[in-house]
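Trainee: Please walk me through this structure step by step. I learn best by asking small questions.

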Amino acid sequence: MSRTDSILFVTKRPDVVMEKGRGMYLWDTEGRKYLDFVGGWAVTSLGHCPDVLRNALISQSEMLVNASPAYYNVPMLTFADLLVKLSGFDKVFFTSTGAEANESAIKLARKYGTLKKNGAYEIITTINSFHGRTLAMMSATGKKQWEPLFAPKVEGFIHVPYNDIEAMKAAVTDKTCAIMFEPVQGEGGVYPATKEYQEAVRKLCDEQGILLIYDEIQTGLGRTGKLFAFEHTGVRPDIMTLAKGIGGGYPISAMLTTSELDIFEAGDQGGSYCAQALGMAVGEAVVREIAGGGWVENARTMGDYLQELLNALSKELGKAPNGKPYISGVRGLGLLVAFDLSDNFGADMVQYAMTKGLLINAPKPATIRLMPPLIVTRNDMDAMIKTLRHVLVKCSQPADATA
Ligand SMILES: Cc1ncc(COP(=O)(O)O)c(C=O)c1O
């Protein structure tokens with residue numbers, strides 16, 4: 001019997017058990033230490049177990065954990081005020097996960113369609129997008145591998161190529177109530193939407209009376225070097241969803257919108273953990289620290305430094321044994337960065353890097369993504385690139401040479 005026998009299989013996991021985290025590091029039960037450039041999947045925005053999060057958890061747990069979603073609670077109000085002030089939106093609805101925040105956005109868009117657009121219910125999303133794993137969000141997501149799964153799908157999602165305004169225009173019908181996309185496709189391999197595209201989609205939405213939804217679950221709260229990714233272009237969506245970084249690792253998410261879209265009726269949306277006091281206190285503390293502690297600026301400068309290091313490494317290493325560059329396509333915004341490999345060995349590289357004490361992620365077979373906490377330093381970057389160099393060269397050798 002193995003220690004993991006009681007865990008239902010949903011994904012392949014390495015044979016280590018994580019026990020402790022602090023700042024940029026994780027430790028497993030064998031005492032091995034890992035430099036974490038996955039950041040809990042872009043959630044540990046202030047690193048592992050930051051004091052600000054711990055203190056909020058401790059003090060709020062002594063006061064109130066969950067008064068029920070039927071009542072307002074104190075941190076719910078202060079956290080909502082903070083998000084409204086920072087984002088320029090008017091209204092916030094809180095949930096626990098990214099997928100739930102997106103579900104709320106879809107429901108709100110369909111409510112708008114019912115009330116204002118003759119029952120329009122279709123939502124246009126983009127190919128290569130990722131919006132979560134509930135049934136509706138698997139339908140919203142533009143991932144080819146998911147198409148045959150869990151039929152019948154939730155109806156009413158149309159997928160079009162990303163950054164292609166003509167395809168978007170062609171997909172709009174009188175049934176369309178909203179367009180939803182990520183300002184940077186994260187799980188899809190870190191591809192930003194161009195400014196021109198975002199502006200053109202905004203214009204299309206305005207002309208057609210369609211809502212624009214930005215899924216900022218991965219890009220929100222400083223990750224891209226701005227508090228929200230929409231600030232890079234100035235294109236404002238009607239609805240924005242946040243999760244991951246706003247809780248610093250604690251599960252909270254939010255949907256933000258305008259006063260005009262305060263159109264839900266009692267019972268349309270809710271849940272036992274919506275705006276529970278414990279999570280609200282954590283979120284408020286984490287967001288206050290990110291916004292006021294210089295971490296957004298750090299994400300910008302460290303993100304630039306990371307791309308500089310990767311480009312320098314690419315130049316230094318040149319071509320891999322198969323004739324393709326070791327590193328190509330360095331891209332991203334702030335601390336959401338990716339590059340392409342010379343072949344499909346991303347998964348092997350992630351595994352080997354772990355044995356060398358470095359955590360990285362491969363969203364696609366030939367792509368590596370780096371999304372460290374916003375507290376990352378130059379020293380962390382230098383240490384990461386040293387290990388990455390070794391791992392990359394080793395994994396780029398033909399199979400018989402590495403045996
Ligand atoms: C852009 C985007 N949307 C939605 C989600 C789903 O969030 P969660 O896993 O918290 O449900 C993710 C998670 O990776 C994401 O990156």
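Trainee: Where is Val154 found?

Mentor: Good place to start, and keep in mind that this is a predicted model, with residues numbered from 1 along each chain as its sequence is written. Local features need pLDDT of at least 70, side-chain atom pairs count only at pLDDT 80 or more, totals for chains, interfaces and linings use all residues, and side-chain values use heavy atoms, leaving out hydrogens and water. Helices (H or I, at least four residues) and strands (E, at least two) are DSSP runs, numbered from the N terminus. With those names, Val154 is found in the loop between α5 (135-140) and β6 (157-160).

Trainee: Is Val154 buried, partly exposed or exposed?

Mentor: Buried means under 20% relative accessible area, exposed means over 50%, and partly exposed lies in between (1.4 Å probe, protein chains only). Val154 has a relative accessible area of 31%, so the word for it is partly exposed.

Trainee: Which residues make a nonpolar surface patch together with Val154?

Mentor: Patch members have over 30% relative accessible area and no salt bridge; like charges are joined within 9 Å, and nonpolar side chains (Val, Leu, Ile, Met, Phe, Trp, Tyr) within 5 Å. The areas come from the Shrake-Rupley method with a 1.4 Å probe, and for residues only the protein chains shown count as cover. This patch covers about 350 Å², and Val154 shares it with Leu135, Leu149 and Phe150.

Trainee: Which peptide bond is cis, with omega near -5°?

Mentor: Most residues other than glycine have a negative phi, and most peptide bonds are trans. Pro152 has its place in the loop between α5 and β6. The cis bond runs from Ala151 to Pro152.

Trainee: What is the phi of Ala275?

Mentor: Ala275 lies in the loop between β12 and α8. At 7% relative accessibility, Ala275 counts as buried. Its phi is positive although Ala275 is a residue other than glycine, with a value near 60°.

Trainee: How are the planes of Tyr162 and Phe181 arranged, and at what angle?

Mentor: The structure holds 9 aromatic pairs. Rings of Phe, Tyr and Trp (its six-membered ring) pair if their centres lie within 6.5 Å; planes under 30 degrees apart count as stacked, over 60 as edge-to-face, and the rest as tilted. Tyr25 and Trp27 are a tilted pair because their planes are at 45°, with centres 6.2 Å apart. Tyr162 and Phe181 have centres 6.3 Å apart and are edge-to-face, at 75°.

Trainee: Which residues form one aromatic cluster with Tyr162 and Phe181?

Mentor: Tyr162 is in the loop between β6 and α6 (165-171) and Phe181 is in strand β7 (residues 176-181), so to speak 19 residues apart. Both Tyr162 and Phe181 are buried. Their partners in the cluster are Tyr197 and Tyr214.

Trainee: Which residue lies over the face of Tyr305?

Mentor: A charge sits over a ring if NZ of Lys or CZ of Arg is within 6 Å of the ring centre and within 35 degrees of the ring normal. Lys20 does this with Trp27, at 4.7 Å from the ring centre. For Tyr305, at 3.9 Å from the ring centre, the residue is Arg378.

Trainee: How many salt bridges are there?

Mentor: Side chains of opposite charge can pair when their charged atoms come close. A salt bridge is a side-chain nitrogen of Lys or Arg within 4 Å of a carboxyl oxygen of Asp or Glu. By this rule the count is 16.

Trainee: Which residue forms a salt bridge with Glu187?

Mentor: Glu187 lies in the loop between β8 (184-185) and β9 (191-192), and its partner is in strand β17, so the pair ties together parts 182 residues apart in sequence. Glu187 counts as buried at 19% relative accessibility, and the partner, at 0%, also counts as buried. The closest N and O atoms are 2.8 Å apart, and the partner is Arg369.

Trainee: Which residue meets Glu166 in a salt bridge?

Mentor: The two residues lie in helix α6, 3 residues apart, about one turn of the helix. Glu166 is exposed, with a relative accessible area of 52%. The N to O distance is 3.9 Å, and the partner is Lys169.
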